[in-house]
Structure formats: structure tokens, C-alpha cells
Amino acid sequence: MLAAFALMIGAMGGTAQAAYCGADSFDCCPTDTCGRWGHFGIAKQQCCGPKYQTVKKVVWDTQEYCCPVTVYDTCCERVPVPCTRTVFKTCYRKEKYEVCRPVYKTCYRTVCETVRRPVYKTCYRKVTETVRKPVYKTCYREHCYTVSRPVTRTCYRNVCYTTCRPVYKTCYKEVCSTQYRTKTRTCYRDVCYTVCKPVRETHWVDVCCGEWKTVRERVPCPCPTTCHSESCCINHYGGCVDGCVDGCGDGCGNDCPDCRVMNKCHGGYTICRQVWCPKVVKKKVCSVRYETCVKTRRVPYTVCEQVPYTVTRKVPYTTCHMVKECRTRKVPYTTCHMVQETKRCRVPYTTCHFVERCITRRVPYTTCTWKCDTVKRKIPYTTCHMVKECRTRCVPYTTCQTVRDVRYVTQTKCVPRTIMVKKTRCVPRVVCERVPVCNDCCPQTCDECVDGCQPCIQ
């Protein structure tokens, strides 16, 4: 086997070409490694095999970040400023003055004059004359003529055209915005209010009152007679007569015997009547009056404040790009050719001949004569005399007055607010790469490299 291997190497011309595992040659190997009987695997690893080295490389990446930026909004507000202004007022006073007013009067005087008046008269005379009267007659003749009639036809041809069709695409981007939420808290303040408190009082009041009392009076009898009926029990005052009752009591507290019993009135009778007796009584009266007093109570009120916070949301936006499309449409066009036709029509024509005849007519004419007339007419003339009149007119005068007023001045102020702005920055990043390095056996130039040696990498 060794002899066959030696013969193969000798046949290849002195330079051993290694074809094992991609090794190209061993000419660059050191002597102690690539000896005559050296190991092929060790020679490949130590000599002509590729070597790699880890190299750190700095790569710059683009990074987006949000930062707060203070912007100022210009606000305008109206501020009241006290001022004074002069107010002019027009007043009027009455003033009397005298004027002379002309009074015109129209008078008439009579004037006699002679005038000549024309008198017109219309007369007639007979005139005979010969006239020629035209007589018209309409006749017709046939006429042939040729006309050209257009014949149109609609055709279609295909036309290719290019249109741009919009294609829309919805994308999203993140937008940071500052929003405000309302935070409320309850506070208290002292409020004074007035209440009315009732106070009851008692006092004595004089009240006029009285009572009815029965009084007996003796009335003398006008005619002393004997009572024969019960009508004597009631006198003309409406009271009870003493000693006369109707059998059931008189209602006055007296029990009289029956009136039917004949009794004599001895010098009069007694009557009872009601008498009002007034008197003053002390009466206890209760009254209520109200006294105001000030009290304090705690009234709650709510205070609202705006608290900012940052919200990130996705905002959609639409992109559009045009896509060309080729389309075909039918375009109509019209062709026209003339077709001749023969037509007939009746053409009218007029003939005229004259006919003579005699006519008699009355011709008017006017005659004029002058006539003298005497005419009376009134000629107006105007007289004028002045009349004094007293009139009143309003004479204006101006008064001024200083009045306090308030005018408004527009002031501008800047109000700061914070917004989030999206910015871009470059951030370094270290990347590790494996790069091949040159072997010790490779030459420094590419012209001297043999097959199997990699070029040197600095």
C-alpha cells in the first residue's frame, strides 16, 4: 500500500496535491510539521486550515423617544379700566319773536273787449271719376326638384386608455398626548344666616262687655176697667201685666191667676223689660313677636382641579398610491352619406288684370267766416298787506356733563402648557463578528499565494 501511494505522488510531479477534506497543498507547511511521514490531520489543522478571530464592531441604531416641550399660548382678555367722558346734551328754551306775515288777497275787475271768432262750415260737392280695379287670381303649376337627404350611421371602435386607480392603506403610529382628568375635593366654609325666633308675650286688655237685666216698671193704667179677656195680660210695651197671665205663666217669673177671672186694675200695672248693663273686663291676650338672630353653619363646596397625565394612543393614517390599469372602451362615431331623392310640389303664382268702372263720391270742403263778439271777462289782480304775528320758537343750547365710565382694554398674556414631542436619536450597539485571519505560512502579497492559502486580513 505504501508503495502504491509513493508511485501516485511521484506521478503527480513532485508537488503533493492534497484533496482530503478541502486541503489545497502543503508547500507552505513547516518542515517539522509536514515531514515525510507526518500526520495528515495535524498538518491540516496547524498549517493551511483557516483561522477566525472575534472582532467587536459598533453599530448605531435609530431610536425614537418622547420628551416634554413647553409651548406658550397667547390669550386675550378684556380688562375694565375706569375713565371719565364728557356727555353733551342739547336742551331747548322757548323764545318769543314777532314776524310780519304778508296777507295776499285776489280781487277781480271786469273788462269788455271785442273779439273776432271764426265760424267754420262743412259743404260737399259731387265728383265723378273712372277707376281701374285690379283683380288677382292664384294659379298653381307642378315643379320637380332633387334633394339630397343625409343618412347617418353610428359605429363603434375600441380605444385603449390608462387609468390610475388609488389604493388606500391604513397604517398606525403612536402619538403621545397630554390629557387632564378632573379631581374634585370637598371643602367647607362658614356661612352666616339670619333666623326669626318667635317670642310669646302676655298682656291684659280692657274689653267692653255687659249683660241684660230684667227691670220691673209700674205703668199707670189709663182707664181703670175690669179685665174680661186674656188680652189684658200683655200691655202695649210687650211686657207682662201684673196679675194677668195666660194660664201657663207669664215668662217673667210671676204666677198670676187666670185672666179670665175678673179683676180690677188698681191704679196701673207692672211691666218687665230687658236693660243692657255695660261693664269693662280685663282680658288676658297672648301675642307673638319675632326676634332675628344670626347663626353660623358650615356649607360644603366642591373644588375642581385639572391633573395632567400622558396617554399614548395609536392614530390611524391612510397612505395612498396610484396603480395604473389599462382599460378598453367603445367610442361611438357617426358616418354620414347623402342619398338623392326627387320630389314634386305645387308652386303657386298670381295673375292680375284690371277692370274699369265709374264711381261718384262726395268730396267735403270747409268754408270760414268771421264773426265779431263782445266779451266780458274778469281780470284778477292781487293786493298785499302785512300782518304782525307773535310766534314762539325753540332755541337749542348745549350743556356738558362729566360722567364716569368703564372702557375695556384687551390685554395679551402667554399661558404655558407642556406637550410631548417625538424625537429621534442614535444609540450605539456593540456587535461581535468572526472574521478570518491569515496563516503564518501565507505570503504577504496575493501574487505569491499558492493554492489553498487565504489572503491576509488586516
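In the predicted model, C272 has a relative accessibility of 15% and therefore counts as buried, since the cut-off for this class is under 20% relative accessible area. Another cysteine, C75, has a relative accessible area of 30% and is partly exposed.

The cysteines were also examined for covalent pairing. A disulfide is a covalent bond between the sulfur atoms of two cysteines. The search covered the whole structure and returned 0 disulfides. For C75, the closest cysteine sulfur belongs to C76 and lies 7.5 Å away, which is too far for a bond; the criterion applied requires the two sulfur atoms to be within 2.5 Å. C75 therefore forms no disulfide with C76, because the separation of 7.5 Å is too great.

Strand β2, which is assigned to residues 269-437, contains T270 as well as V430. T270 is buried, its relative accessible area being 13%. The side chain of T270 takes part in a polar contact with the side chain of R218, at a distance of 3.1 Å. V430, by contrast, is exposed, with a relative accessible area of 55%, a value that falls in this class because exposed residues are those over 50%.

V430 also contributes to a nonpolar patch on the surface. The other residues making this patch are V58 and W60, and its area is about 340 Å². Strand β2 thus holds the buried residue T270, engaged through its side chain with R218, and the exposed residue V430, which forms part of the nonpolar surface patch with V58 and W60.

Methods
Residues are numbered from 1 along each chain as its sequence is written. This is a predicted model: local features need pLDDT of at least 70, side-chain atom pairs count only at pLDDT 80 or more; totals for chains, interfaces and linings use all residues. Side-chain values use heavy atoms; hydrogens and water are left out. Buried means under 20% relative accessible area, exposed over 50%, partly exposed in between (1.4 Å probe, protein chains only). Patches are made of residues with over 30% relative accessible area and no salt bridge: like charges are joined within 9 Å, nonpolar side chains (Val, Leu, Ile, Met, Phe, Trp, Tyr) within 5 Å. Accessible areas come from the Shrake-Rupley method with a 1.4 Å probe; for residues, only the protein chains shown count as cover. A salt bridge is a side-chain nitrogen of Lys or Arg within 4 Å of a carboxyl oxygen of Asp or Glu. Helices (H or I, at least four residues) and strands (E, at least two) are DSSP runs, numbered from the N terminus. A polar contact is a pair of N or O atoms within 3.5 Å; within protein, one must be able to donate a hydrogen and the other to accept it, and residues adjacent in sequence count only if both atoms are side-chain atoms.
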